[in-house]
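Please walk through the backbone of the structure shown below, paying attention to places where its geometry deserves a second look.

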Amino acid sequence: MIGATRAEVCAVAIAEAFRGDGEVLVSPIGTLPQIGARLAKLTFEPDLLMTDGVAPLLANVLPVSGRDRPDPVIEGWLPYRKVFDQVWSGRRHVMMGATQIDRYGNQNIACIGDYAKPKAQLLGMRGAPGNTINHTTSYWVPGHSDRVFVPKVDVVTGIGYDRAAALGPVSSRFHEIRRVVSNLGVFDFATGDHRMRLASLHPGVSLDEVVENTGFELAIPATVPETRAPSDAELRLLREVIDPEAIGSGEVRA
Amino acid sequence: MDKRTSLASAVAELRDGMTIGIGGWGSRRKPMAVVREILRTDLRDLTIVSYGGPDLGLLCAAGKVKRACFGFVSLDSIPLEPHFRAARQNGTIETFELDEGMFQWGLYAAATRLPFLPTRAGLGSDVLKLNPQLRTVRSPYADDEELVAMPALALDVAFVHMNRADASGNGQYLGPDPYFDDLFCMAAKRRFVSCEKLVRTEDFLKEGTLHTLLLNRTMVDGVIETPRGAHFTECPPDYGRDEAFQREYAASAKDPSAWQAFFGRYLALEDEAAYQRAVAAR
């Protein structure tokens with residue numbers, strides 16, 4: 001196998017975010033999260049439950065694009081009303097995007113600027129408040145910059161660890177921000193006060209590059225590991241089964 | 001009871017300042033013929049409650065909206081609704097922005113005549129900060145947990161679009177998702193269903209299974225047959241989204257002259273039939 005691309009490294013890092021989840025609904029928002037979650041399901045997390053993007057739940061794993069796809073095997077039905085039930089039951093791990101994210105993992109996908117007359121209206125709250133208070137959440141940031149990783153988000157849609165702590169142990173007992181995966185590295189909150197920590201750098205990325213592109217001070221361990229490279233088996237699955245048209249590479253800057 | 005009516009008669013019931021619920025989701029199975037009919041009136045200051053798509057975008061662009069209640073506004077294949085964005089960024093509309101699940105809970109509270117329903121969703125987020133009228137409530141049981149008291153989203157009028165309906169107001173969806181159309185109807189004082197095709201009651205089960213019969217006739221006051229009435233949103237299995245038209249719609253948000261041209265060509269026409277002819281002729 002020829003060497004892994006940055007997008008393939010990201011796909012594996014995303015898959016790793018779902019390791020240990022077992023039998024839960026995963027909702028990967030975005031192309032590489034779709035690819036990464038499928039990779040996890042085909043390798044170390046076979047019990048993950050996934051929709052086709054709409055209401056049908058698919059038992060098999062289909063490629064993310066292309067015409068000659070195998071027939072879907074439908075194992076269930078999850079219209080939006082049941083999605084909310086599933087969210088509130090906690091048996092779910094969502095990976096959302098973040099237009100802004102801060103050091104405690106507060107996320108903003110609603111708008112940029114003054115709320116009454118925003119500079120940029122974005123998607124809105126969507127399900128972020130309910131997701132983050134009810135079940136495990138991770139984030140995918142394809143373009144790591146100090147405009148995304150900011151000291152303070154303009155609107156808190158998904159709640160971070162400081163907001164969760166302020167609610168107290170009862171209300172925050174289901175809150176977990178598992179992982180933030182960007183095109184430069186992997187981040188977690190494994191620090192005393194749950195500030196964001198650099199967990200690994202993708203191959204070819206320098207520590208300086210991450211620090212320069214992050215608008216707040218990251219916790220940085222004495223030794224920063226490299227994000228693990230995809231195995232040959234994983235590369236084969238990515239290239240031949242999950243993403244044969246390599247659309248994942250279109251989402252990420254190298 | 002024969003509840004068949006027309007777009008014009010249904011929309012004639014609306015008044016300035018009313019709270020209107022619109023079914024569907026994003027750019028999916030929206031009662032667009034009704035929205036277009038509202039654009040033909042001089043109604044204003046409406047509060048629109050919607051899992052928002054081009055329904056909300058069109059009403060904003062036409063200056064009909066005072067306040068939007070939403071969890072998101074999207075065209076699906078075009079993630080951000082450009083006309084809604086313009087209204088927000090110009091500061092011309094008020095908002096009641098909610099988590100998507102809180103929104104459902106608000107409809108359900110209204111549907112079941114409860115003042116509120118408790119939920120964990122919203123705690124700690126800016127939903128509560130941006131909507132200071134929202135309150136929390138404490139569990140009266142031993143857990144004493146604090147929860148958001150999501151208030152009922154009571155509607156004056158609801159509009160939903162079904163694949164099939166009968167003259168009595170029974171409604172059938174044939175696509176993958178019912179969305180929340182039953183709750184919209186149950187949350188409203190007056191309820192109108194537009195449909196692709198009016199069928200005889202005895203023919204429902206030739207169209208789909210028992211489980212596709214979403215609306216029963218106690219939930220509906222008026223039925224309007226509007227073939228392609230969800231255009232340009234999707235209405236499977238009858239038709240998919242008209243992506244080319246949706247792109248044309250989105251491009252019309254570029255500047256006021258583009259909007260005027262789009263409005264003149266498709267919307268400033270005498271009725272829905274004229275709209276459908278203009279779409280077919282392009």
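**Backbone geometry in the loops**

The model is a predicted one, and the place of B:Pro237 is in the loop of chain B that runs between strand 12 and helix 9. The peptide bond that leads from B:Pro236 into B:Pro237 is cis, with an omega near 5 degrees. B:Phe232 also lies in the loop between strand 12, which spans 222-225, and helix 9, which spans 243-251, of chain B. A cis peptide bond joins B:His231 to B:Phe232, and there omega is about 10 degrees.

From omega the path turns to phi, beginning with chain A. In the loop between strand 9 (120-121) and helix 4 (128-134) of chain A one finds A:Arg126, whose phi is near 50 degrees, a positive value in a residue other than glycine. Is A:Arg126 buried or exposed? There are 21 other C-beta atoms within 10 Å of A:Arg126, and because a residue with 20 or more such neighbours is classed as buried, A:Arg126 is buried.

Chain B offers a further positive phi, of about 60 degrees, at B:Arg113, which is likewise not a glycine. The place of B:Arg113 is in the loop between helix 5 (100-111) and strand 5 (116-119) of chain B. Here the neighbour count is 10 C-beta atoms inside 10 Å, and since the exposed class covers counts of 12 or fewer, B:Arg113 counts as exposed. Set side by side, A:Arg126 is buried, whereas B:Arg113 is exposed.

Note on methods. Residues numbered from 1 in each chain as written. Chains lettered and ligands numbered in written order. Predicted model: local features only at pLDDT ≥ 70, side-chain atom pairs only at ≥ 80, totals over all residues. Helix = DSSP H or I, 4+ residues; strand = E, 2+ residues; numbered from the N terminus.
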